[in-house]
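This report looks at how two chains meet and at how one strand is placed among its neighbours.

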Amino acid sequence: MTGVLTHGGPAAASSGITPLLEVHDVTAGYGHSPVLRGVSLTVPTGSIVAVVGANGAGKTTLLRTLSGLVPLSGGTVRLDGVDLAGVAVEHRVRHGLSHVPEGHGVVAELTVDENLRLGGLWRRDRKDLKAAVAEMYELFEPLARRRSSPGHQLSGGERQMLAVARALVARPRLLLLDEPSLGLAPRIVADIMELLRTLCDERGLTILLVEQNVRSALLVADHGVVLDLGEVVASRAAASLLDDDALRHAYLGF
Amino acid sequence: MDQLIFLVGSGLARGSVFAVFALALVLIWRAARIVNFAQGAMAAVATYLAFAVTAATGSYWLGLAAALVGGALLGLVVERGVMRFVAHTSPLNSVIVALGLVTIMQAGLGIAFGNGYRTMNLPFSSTPIVVGGVPLLSPYNIFVLVVAAVLMIGLGLLFTRTPLGLRLRASAFAPETSRLLGVPVSRMLTLGWVLSSAVGALAALLVVPTELGLNPHATDMLFVYAFTVAIVGGLDSPVGAVVGGLVVGLLLSLVTGYLGSTLAPIAVLVLLVAVLLVRPGGIFSAKEARHA
């Protein structure tokens, strides 16, 4: 049996070649005004891709489009070759897609344990679910100590941790993360970014990360995509984006 | 003292029915953020169904089964056929549509069964058992209390101990997040209506024969009291519905017994106003309001 967290297998091990996610010429938005205009990007298996850009660039809309919360009005989204257009939001998790929404989406009224179990209920295999939840308690010790606390009693860092753990209970192949650093102290942001790198390196998890916190995101990512007003204006190795002063001044504001 | 024991007993029996009906309101409120003003009329339809089935077969229990199944189906039809299409732009929309449903259902019952009172059979005697000269509960009161208790415990276990219950709660609290986690939220919403409508039907069937008398408007007062219960307890809180139901049942019973039946509805309204003044969200409302 391979790692409990991914269904990766050999494909995940030989990272960086096969694209897990292919976004091609995607147009999407609310009502009649598209927020995304012809966005294309690929996320190679076993890598971290960071999408950065100013407020209103369409970063959150991009993730919401990938998980199906915002309808696609043009273009295609393929996950491991499967066109997601015909897959309902609540079925995408079965295809290996986990989306941690902006503001983490921890259900405040449910306990830590209930939140975690919720992440794997779709599989209906109770034993497997138990094992996955137990593994999360090992991986995230602070959560184990608070397993029966309701979500609203957790600190911001704990909530983000819970949101990531809950997504991992589903054993995703692709993790979509919307602003995990939002509202967190720099020290905790660093911890979370380090965690993402570990998950990617040691467990072969593929991550698409959207961040306002450009520096932290590009430091942890392999590849960076700059989004501006719904269009991709740059897409290259994360390190080279950080070094590009002109680009940083123009689109990222620092 | 003798009278007090009797009043408390019958008050608790009646209160347990209010509690069950209020639970039905809470179930829909939690699932859909709709106060189902049609709950009473829907329960009346199910009660008439029980009446018709019992009349045709001679069996109270078949009638009860028909009320539960009919109530559940009615919940399905109302949600999938009507409420699903009501725009959520204003909470008033669903209220108006529900009131329309009330009119249609009550008129339909009048056409089908006439507007007069009908007599319903009871499975057990409604004469109080006398112990040492003191009239205690009637066998029917005991039946009502047992059914209500079993139902409350069953619902409690369903919601807190089963994966389905976890799905139902998550869908109610955070529909979007739940969908992202693979929960079929739309199906959970329908299930909430089905469950609620069946529970409401059962409550009506328990209380209509002895307290209200079967007619198309039989459940109007039940709705009013149960709505009060739900507000007093907190629309979000199943525990509040149960405690509120027992409190309102006791209050009605005691005020009727000691001060006269004309004062009983006023006492309930005084309680409602007092709770709204002191704790507008209800006694058992969540401390932290939900914004998303």
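The account below takes up the contact between the chains and then a strand of chain A.

The model is predicted. Where the two chains meet, 17 residues of chain B are in contact with 20 residues of chain A. On the side of chain B that touches chain A, the elements that give two or more residues are α6 (163–173) and α7 (175–180) of chain B, and the largest share, six residues, comes from α6(B). Sorted by class, that side of chain B has 10 nonpolar, two polar and five charged residues.

Within chain A, strand β9 (residues 223–228) is largely enclosed by the rest of the structure, because five of its six residues are buried. Strand β9(A) is joined to β3 (residues 48–52) of chain A, with which it runs parallel, and also to β10 (residues 231–237) of chain A, with which it runs antiparallel. The two pairings are set out here.

| Strand joined to β9(A) | Bridges | Direction | Residue paired with V226(A) |
|---|---|---|---|
| β3(A), residues 48–52 | four bridges | parallel | V52(A) |
| β10(A), residues 231–237 | six bridges | antiparallel | A234(A) |

V226(A) thus appears in both pairings: V52(A) stands opposite V226(A) in β9(A), while A234(A) is the bridge partner of V226(A) in β10(A). Strands β9(A) and β10(A) form a hairpin with two residues between the strands, and in this hairpin L229(A) takes a positive phi near 45 degrees.

Note on methods
Residues are numbered from 1 along each chain as its sequence is written. Chains are lettered from A and ligands numbered from 1 in the order in which they are written. This is a predicted model: local features need pLDDT of at least 70, side-chain atom pairs count only at pLDDT 80 or more; totals for chains, interfaces and linings use all residues. Two residues are in contact if their C-beta atoms, placed from the backbone, lie within 7 Å. Ala, Val, Leu, Ile, Met, Phe, Trp, Tyr, Cys and Pro count as nonpolar, Asp, Glu, Lys and Arg as charged, and the others, Gly among them, as polar. A residue is buried if 20 or more other C-beta atoms lie within 10 Å of its own, exposed if 12 or fewer, and partly exposed in between; C-beta atoms are placed from the backbone. Two strands pair if DSSP finds at least two bridges between them.
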